[in-house]
Amino acid sequence: MRNTPENRIERIVNDLLHGRRLRLRAGDAEEKEAITAAAQFAAASQGPQRMSPAFRRRLAQILESTPKETWLTRRAALVAGVGLATGALAGGIVGRAIEPAGSMTLSANSTPLLPRNGRWTDVGALADFSEGQGKLVRAGGVRAFVFRQGEAVTAVSNICSHLPCELWWDHGPKVLQCPCHPVSFTPDGKPSNPSYLPSLNEVYARVSPEGRVEVLGT
Amino acid sequence: MTVDPQHPGESVAPSNSAGEVVDLPSATRATDIALDELELVYAFIYARVGNRSDAEDLTQQVALKAFPRLRQGAPASAIRGYLFATARSVLGAFWSTRLGLSTAELHEDLALAVPHLPPSQESAERARRILAELSDNYRRVLELRFLHGYSLKEVAAEMRSTVGAIKVMQLRALRAAAKVNPDA
C-alpha cells in the first residue's frame with residue numbers, strides 16, 4: 001500500500017475500528033485534524049465508555065499506594081533538595097519534615113522548575129562538561145543533570161517523575177535510570193515509555209559569557 | 001512568588017493553573033471519590049482517543065499526576081476541575097508525542113476543550129452535530145464506516161464507487177469534519 005495520505009488515514013481508521021491503539025508514524029502530523037476527527041468518530045461509534053473492572057482495580061491499587069498522610073510532593077522534594085532513595089516513599093516522617101509551612105503552588109510535571117527566590121548558581125566551566133554525557137550538579141537545594149550540546153547546555157531534575165527517588169546517569173545507553181522502579185529517561189527528560197510516566201521537570205541552565213555553566217537553584 | 005529565570009528577583013505569575021494543589025473532602029473516602037471522578041475522566045479521554053488501551057494509559061497518567069496533589073478539605077467541584085485540567089494537559093502531551101509536534105503547534109480544537117455535556121452523551125452528540133454539517137457524500141461515508149462498521153469494500157459497493165475513491169473521500173470527509181465546530 002503506497003504511503004499516501006488516504007492510505008495512512010485508512011490504516012489509522014482501520015486500527016481504531018478494531019479497537020487498537022493509535023499508532024502514528026512520520027508524516028501523520030500533516031493529517032492531525034483528520035486523525036483526531038477519526039478518533040472522535042470511533043469513540044462515538046462505540047457508545048458511552050466505562051472503565052473495565054480490572055482497570056478500576058488497578059487504579060485503586062495505584063491510588064491506595066500513594067501516601068495520603070504525608071502529602072509528600074515531588075516538587076517539595078525537589079525544592080527541599082532531599083535525596084530520597086529506595087523505600088523513602090513510605091517515609092512519612094521525612095515527608096512531614098520537608099512539607100512547606102503554607103499552601104504551596106506546584107507546577108505540572110515536565111514544566112520548568114522555578115524555585116522561590118531562585119538564583120543562578122555557578123556549577124563549573126563549560127569545558128568540564130562532556131558532550132552527550134549527563135553530569136550531576138547541585139545549585140543550592142536543586143540537584144540536576146546537565147547536558148552539553150556544543151556551546152549550549154540543558155538540564156533536568158534528578159528526581160524521578162513518579163517515585164521521589166534520585167536518578168543516576170547510565171553511561172552505556174546514555175539514559176537516566178531510576179533506582180526505585182524499572183524506568184529510564186532520555187537526556188531531554190522523556191521517559192522510556194511515554195504512555196506510562198510524565199517527563200522529568202526541566203531545570204533552567206545557561207552558559208555565561210565567561211564560559212561558566214549556571215543553573216537556576218536556591 | 002516565583003522567579004523569572006531571566007530576571008531572578010522579579011515575580012511572575014504561575015504559568016499553569018493545572019499545577020495547583022487541590023484538597024480532598026475526606027482522606028478515608030479519597031480513593032472512592034477519586035475513582036468516581038476518574039471514571040468521568042476516562043470517558044472524557046476515551047471520547048478523544050477512540051480506543052481503550054490509550055484511554056487507560058492516559059487515565060492512569062492523570063491519576064499519577066493529580067492524586068499526590070490532592071488534599072483534605074475542598075469541594076468535589078474543585079477536585080473535578082483539577083482532574084480535568086490534568087486530563088487536558090495529559091491529552092495535549094499525548095497528541096504532541098504521537099504526532100511529533102510541540103504543544104504550541106497543536107491547535108486548541110484538537111479535542112481538548114472542556115465538555116458541555118456529560119461524557120456519556122458527549123461523543124455521540126458531537127458526532128451527530130458534525131455529521132449534520134457535512135455534505136451528503138461525506139456524511140454517508142462516515143456513517144457507513146464508523147457508525148455501521150462497514151469495510152471500505154462494503155462502503156464502495158453501497159455507494160457504487162471504487163475502494164480507492166472511497167479512501168480519498170473518507171480522508172476528505174474527516175478533514176471536513178475536523179473543520180466543523182459542533183458547539184457553534
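The exercises below work through strands, a helix contact and single residues in a predicted model.

**Exercise 1. Overall make-up of chain A**

Task: State how many helices and strands chain A has, and what share of its residues is buried.

Solution. Start with the secondary structure: chain A has five helices and 10 strands. Next take burial: 42% of the 218 residues of chain A count as buried. Finally look at contacts in chain A with a separation of 6 or more: residues 24 or more positions apart make up 57% of them.

**Exercise 2. The surroundings of strand E10**

Task: Find which strands pair with E10(A), and decide whether E10(A) is enclosed or open.

Solution.
1. Strand E1 of chain A, residues 119-125, is joined to E10(A) by six bridges, and the two strands run antiparallel. Within this pair, A:Thr121 has A:Val215 as its bridge partner.
2. Strand E9 of chain A, residues 205-207, is also antiparallel to E10(A), with three bridges between them. Here A:Val213 of E10(A) stands opposite A:Val207.
3. The connection from E9(A) to E10(A) is a hairpin with four residues between the strands. In its turn, A:Gly211 has a positive phi of about 80 degrees.
4. For burial, a residue needs 20 or more other C-beta atoms within 10 Å of its own. Five of the six residues of E10(A), which spans 212-217, are buried, so the strand is largely enclosed by the rest of the structure.

**Exercise 3. A three-stranded sheet**

Task: Give the strand order of the open sheet that contains E6 of chain A, and identify its edges.

Solution.
1. The order is E5-E6-E7 in chain A, with antiparallel pairing.
2. The edge strands are E5 (168-170) and E7 (184-185) of chain A; each has a single partner strand, so one side of each lacks a neighbour in the sheet.
3. Strand E6 of chain A, residues 175-177, is joined to E7(A) by two bridges. Across this pairing, A:Gln177 stands opposite A:Ser184.

**Exercise 4. A helix contact between chains**

Task: Describe how H2(A) and H5(B) cross, and list the residues that meet.

Solution.
1. Two packed helices are described by the angle between their axes and the distance between the axes.
2. The axes of H2(A), residues 32-45, and H5(B), residues 136-147, come within 9 Å and cross at roughly 55 degrees. This makes H2(A) oblique to H5(B).
3. The crossing of H2(A) and H5(B) is right-handed.
4. On the H2(A) side the residues are A:Phe41, A:Ala42 and A:Ser45; they meet B:Leu142, B:Phe146 and B:Leu147 of H5(B). By class, this contact of H2(A) with H5(B) has five nonpolar residues, one polar residue and no charged ones.

**Exercise 5. Two residues of chain B**

Task: Place B:Phe84 and B:Asn137 in their helices, and state the exposure class of each.

Solution.
1. B:Phe84 lies in helix H3 of chain B, residues 76-99. B:Asn137 lies in helix H5 of chain B.
2. The class between buried and exposed, partly exposed, applies when the count of other C-beta atoms within 10 Å is above 12 and below 20. B:Phe84 has 19 such atoms and is therefore partly exposed. B:Asn137 has 14 and is therefore partly exposed.
3. B:Phe84 is 39 residues from B:Ile45 in sequence, and their C-alpha atoms are 9.5 Å apart. B:Asn137 is 32 residues from B:Met169 in sequence, with 8.1 Å between the C-alpha atoms.

Conventions: Residues are numbered from 1 along each chain as its sequence is written. Chains are lettered from A and ligands numbered from 1 in the order in which they are written. This is a predicted model: local features need pLDDT of at least 70, side-chain atom pairs count only at pLDDT 80 or more; totals for chains, interfaces and linings use all residues. Two strands pair if DSSP finds at least two bridges between them. Axes are lines fitted to C-alpha atoms, for helices over the stretch in contact, and angles run from 0 to 180 degrees between N-to-C directions. Angles under 35 degrees count as roughly parallel, over 145 as roughly antiparallel, 65 to 115 as roughly perpendicular and the rest as oblique. A crossing is left-handed if the near helix is turned anticlockwise from the far one by less than a right angle, and right-handed if clockwise. Two residues are in contact if their C-beta atoms, placed from the backbone, lie within 7 Å. Ala, Val, Leu, Ile, Met, Phe, Trp, Tyr, Cys and Pro count as nonpolar, Asp, Glu, Lys and Arg as charged, and the others, Gly among them, as polar.
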